[in-house]
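Trainee: I am new to this structure and would be grateful for a close look at its interior. Please take the core as the main subject and place it in the context of the whole chain.

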Amino acid sequence: ICDSDPRGQRVVALAVREPHRYVYSCREKDGVELSCVPTRAKGFTSQESLRHRMRVAVTERITFSDGDEWLKVEPPREGWVPSSHADGTTIMVKIGALDAIAVAQANASPLGPSMMPPPVTA
């Protein structure tokens, strides 16, 4: 398979897709639009966007052969966002592991961890 067309433009890029369970914060002052698919092409932007300092859950990361990295944002805002601009300036900043933050929030609940209902066994 050729990775470029007759004009020399790249048409195929290798990508590594991996699970990535972290919480990120948007660092872009003007916010950033989410894409339906991990591409910088303008026709694939979704209706969703992230505001400055908005925190989101990320469950997947795709890294392309050119080093471009995209993050899969989970609902309520759903889509793909690049971790940095094409020039290398940072868009998204990693805050912490998603599982660790969920556990900390459960422990800080008004009911406390001991007041949680017992697990249901079959």
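Mentor: Of the 122 residues in the chain, 30% are buried. The model is a predicted one, and every value that follows is computed from it. The chain has an accessible surface of about 8500 Å², and carbon and sulfur atoms account for 55% of that area.

The framework around the interior may be described next. The chain contains seven strands and one helix. Read from the N terminus, the order of elements is β-β-β-β-β-β-β-α. Contacts also reach across the sequence: where the partners are at least 6 residues apart, 58% of contacts in the chain join residues at least 24 apart.

The core itself can now be considered. In soluble globular proteins, nonpolar side chains tend to be buried together. Here, the largest nonpolar core is made up of 13 residues. Those with the most contacts inside this core are Tyr-24, Val-32, Leu-50, Val-56, Leu-71, Val-81 and Met-92. Two or more residues of the core are supplied by each of strand E1 (15-26), strand E2 (32-35), strand E4 (55-64) and strand E5 (69-73).

Leu-50 merits individual attention. Apart from neighbours within four places in sequence, its contacts are Cys-26, Gly-31, Val-32, Leu-34, Val-56, Arg-77 and Met-92. Among these partners, Val-32, Val-56 and Met-92 also belong to the core residues listed above.

A further buried position is found in strand E7, residues 92-97, where Gly-96 lies. Gly-96 counts as buried because its relative accessible area is 16%, which is under the 20% limit for that class. The C-alpha atom of Gly-96 is 10.0 Å from that of Ser-25, although the two residues are 71 apart along the chain.

Val-32 leads from the core to the largest pocket, since this core residue is, with Glu-33, Arg-40, Lys-42 and Pro-82, one of the lining residues nearest the centre of that pocket. The largest pocket encloses about 280 Å³ of space and has 14 lining residues. Three of them come from E2, the largest share of the lining. By class, this lining has five nonpolar, five polar and four charged residues.

The second largest pocket has a volume of about 150 Å³. Its lining includes Arg-40, a residue that is also named in the lining of the largest pocket. Other lining residues of the second largest pocket include Phe-64, Asp-66, Asp-68 and Trp-70. By class, five of its lining residues are nonpolar, one is polar and four are charged.

Note on methods:
Residues numbered from 1 in each chain as written. Predicted model: local features only at pLDDT ≥ 70, side-chain atom pairs only at ≥ 80, totals over all residues. Heavy atoms only, no water. Helix = DSSP H or I, 4+ residues; strand = E, 2+ residues; numbered from the N terminus. Buried < 20%, exposed > 50% of the residue type's maximum accessible area, 1.4 Å probe, protein only. Contact = heavy atoms within 4.5 Å. Areas by Shrake-Rupley, 256 points an atom, 1.4 Å probe, with all protein chains shown as cover. Core = buried A, V, L, I, M, F, W, Y, C linked by side-chain atoms within 4.5 Å. 1 Å grid on protein atoms, 1.4 Å probe; cavity = no way out; pocket = protein on both sides within 12 Å on 5 of 7 lines; lining within 4 Å. Points joined across faces, edges and corners; volume = space filled by probe spheres on them. Nonpolar A, V, L, I, M, F, W, Y, C, P; charged D, E, K, R; others polar.
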